[in-house]
Amino acid sequence: MPNLKVLDRGRKVYEEALEPVLELGRQQGEEPAPYQIARSGETPRLVIAERSDVSISRRQLRIELEFDGRVRLTNLSGTTSLVIELHPALAPGQSTMLPVPLALTIGTRTIRIEGDSTGESVEIQTLSLPRGFTSVPKFVENDLPSLAMSLRQSDSTALLPRLQQLVVALQETASSPTFFKRVADVLREVVQLDHAGVLLFHNGQWKIEALAEGTDPDWEPSRRLLQQVEQDRRPCWRVPRNTGGAEGEHSLVDVRAVVAAPILNAAGELLGAMYGDRRLRARSLMPLDQIDAQLVEILACGVAAGLSRLINEQAAVSRRIQLERFVTREVAEQLERDPDALAGRDADVSLLFCDIVGFSRISERLTPQQTVDWIGDVMETFSQAVMSTHGTVVDYIGDEIIAMWGAPLPVAEHAAAACQAAVKMIMSLDELNERWRAKLGEPLQVGIGINSGIVRVGNTGSKHKLKYGPLGSAVNIASRVQGATRYLRTPVLITGATAQRLKGEFPIRRICQVRVKNIEQPLDLYELAVAALGTWDQLAADYALALGSWEQRDLHNAVGALSQLVATHREDGPSLVLLSRSIEAWSGGKSDYDPVWTLPSK
């Protein structure tokens, strides 16, 4: 029975005989701590990470022992490929059958499946290839027996320095401006070529990217040999039959031997080639052989690995830059570690919509550039308020900012965090007005609406442009509540769903019940007081009594209570609005009026 061994950062953390069928993944539900077998389901599961370690999927890998001693590996992850040593990467959802022994990498963990420990003890020596190799080069795979015979017959004393030069060259990062020149120089020296270079292949065209030192700047590679590399995708070397007659290529005049190896990505697509030749007046009188071709391919594989790392690093930087425009650095890093977080899922969140009051009117006084500068300053300030409370900026729409708490990462008290952000936004208006009042001609004012509930979160954009955000009725309600601020003459309104989660840490009062466009169920709206004065508690209590009279259709007491409120709190917008509605109903003799206010528009 094969053994299963797990190493975490090189330290062995698990070793047991391999189960006939076994799943690996992070902790779920009541499963035991990492590196123990959970047997609660149909298939035994080896827990290899805490439930909080989102770098490992809940269901990551399935291993099935076949009757012939091989194992079937199935990548259960929906997004992450598995790197298997000396074999092609295993894409999400794919399966493969492989012989034992084998090793694969999952995050910081190395999973090894080894032969029966009761058998003979055999020391396996391998050539350490650079990180980034995803498969055995085709040339090695196809010609391994003859290659092994050639190596046994070769002078290892002479071969080792050549291999050392390869390793030194491949240690240089692909992002270095000298990377291609460096590997071209090493190619020329290791294989003792007269001309050598790195060629890249793009849109069906070959381009010389770098030439080795000493290569004639007018040197041209053989078009026929490049066509053969393009067609076969494997190393080749040849000795031209003549010096340009039947071959018909000026590039092969005076050529004694030529060698080339393709540079392939993990998908087997052609990226370029390592190419070189020896002339009749060669530096080396030895003919090109299989060992030379193999060394060229090793270098080509190293270049491919370096390019792959460079592409991945550039893509990661690009994704992080894009993400950090909308979320905190911590969230961006989390999304990099766990791409599954971008997949669609249901989440309990709080949503905030904030809009500038009178934007169209104010922008008419400004030049287009001034408008851009003003909105940019406001959105930057408000975005800082969101991110400082662990929120995610979902979108900017003109003069509106949309934010969310509770996804992509959970926030324990997301309703309170959203309200705290709203308070910070309102408090920042004084500083913004200092900078912009002279140009705007009036103080900056905003309307903020907050709602909490279950939404569907994920990438609501496309594969070409990320737009992480929520969808659902809770989003529409938050938008409508923001629009209600202008009717109720208060800067911050929250729904009952948000208010019931606040646990008394914010000064709030219920304003009224409303019906908003396209939402059938009436909403309880609450005012969030940003800077509650010493009279706030009394104001809230008196308003609650007046609102109760209004909702019980006791207009006499409602008008009386509200009149006293307005007399002592002349700037209280909700009291003025409710008094106006009460007087209108009273004067019209509408004792059967609907106390729920149907707002006229969004």
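In this document, helices (H or I, at least four residues) and strands (E, at least two) are DSSP runs, numbered from the N terminus. The model you are looking at is predicted. Here are some exercises to help you find your way around.

**Exercise 1: The loop at Arg-233**

Find the place of Arg-233 in the chain, and work out whether Arg-233 is buried, partly exposed or exposed.

*Solution.* Start with helix 4 (223-232) and strand 14 (236-238): Arg-233 sits in the loop between them. Next, look at the backbone. Phi of Arg-233 is near 55 degrees, a positive value in a residue that is not glycine. Most residues other than glycine have a negative phi. Last, the accessibility: the partly exposed class runs between 20% and 50%, and Arg-233 has 27% relative accessibility, so Arg-233 counts as partly exposed.

**Exercise 2: Another positive phi**

Describe the phi, the place and the exposure of His-390.

*Solution.* The phi of His-390 is positive, about 65 degrees, although His-390 is not a glycine. This residue lies in the loop between helix 8 and strand 18 (392-397). Its relative accessible area is 59%, so His-390 is exposed.

**Exercise 3: Cis peptide bonds**

Locate the cis bonds that lead into Pro-101 and Pro-408.

*Solution.* Take Pro-101 to begin with. The bond from Val-100 to Pro-101 is cis, with omega near 5 degrees, and Pro-101 belongs to the loop between strand 9 (95-98) and strand 10 (102-106). Now move along to Pro-408. Ala-407 and Pro-408 are joined by a cis peptide bond with omega of about 5 degrees, and the loop that holds Pro-408 runs between strand 19 and helix 9. As background, most peptide bonds are trans.

**Exercise 4: The largest nonpolar core**

Which residues have the most contacts inside the largest nonpolar core, and which helix gives the largest share of this core?

*Solution.* The core has 42 residues, and Trp-374, Phe-382 and Ile-448 are those with the most contacts inside it. Several elements each supply at least two residues, including helix 8 (368-387), helix 9 (414-427), helix 10 (429-440) and strand 20 (446-459). Helix 9 gives the largest share, 10 residues. To see the surroundings of Trp-374, set aside its neighbours within four places in sequence; Trp-374 is then in contact with Ile-356, Phe-359, Ile-362, Leu-366, Trp-436, Leu-440 and Leu-444. Apart from this core lies another, of 34 residues, among them Val-514, Leu-523, Leu-555 and Leu-578.

**Exercise 5: A residue of helix 10**

Is Asn-433 buried or exposed, and what does Asn-433 contact beyond its neighbours within four places in sequence?

*Solution.* Asn-433 lies in helix 10. The limit for buried is under 20% relative accessible area; Asn-433 has 8%, so Asn-433 counts as buried. Beyond those neighbours, Asn-433 is in contact with Pro-443 and Leu-444. Asn-433 and Pro-443 are 10 residues apart in sequence, and their C-alpha atoms are 5.9 Å apart.

**Exercise 6: Two packed helices**

Describe how helix 14 (residues 555-568) and helix 15 (residues 573-587) pack.

*Solution.* Begin with the geometry: the angle is about 145 degrees and the axes are 9 Å apart. The crossing of helix 14 past helix 15 is left-handed. Then look at the contact, where helix 14 brings residues including Leu-555, Val-559 and Leu-562, and helix 15 brings residues including Leu-576, Leu-579 and Trp-586. Sorted by kind, the contact residues are 12 nonpolar, 4 polar and no charged.

Key: Residues are numbered from 1 along each chain as its sequence is written. This is a predicted model: local features need pLDDT of at least 70, side-chain atom pairs count only at pLDDT 80 or more; totals for chains, interfaces and linings use all residues. Side-chain values use heavy atoms; hydrogens and water are left out. Axes are lines fitted to C-alpha atoms, for helices over the stretch in contact, and angles run from 0 to 180 degrees between N-to-C directions. A crossing is left-handed if the near helix is turned anticlockwise from the far one by less than a right angle, and right-handed if clockwise. Contact means heavy atoms within 4.5 Å. Ala, Val, Leu, Ile, Met, Phe, Trp, Tyr, Cys and Pro count as nonpolar, Asp, Glu, Lys and Arg as charged, and the others, Gly among them, as polar. A nonpolar core is a set of buried Ala, Val, Leu, Ile, Met, Phe, Trp, Tyr and Cys residues joined through side-chain atoms within 4.5 Å. Buried means under 20% relative accessible area, exposed over 50%, partly exposed in between (1.4 Å probe, protein chains only).
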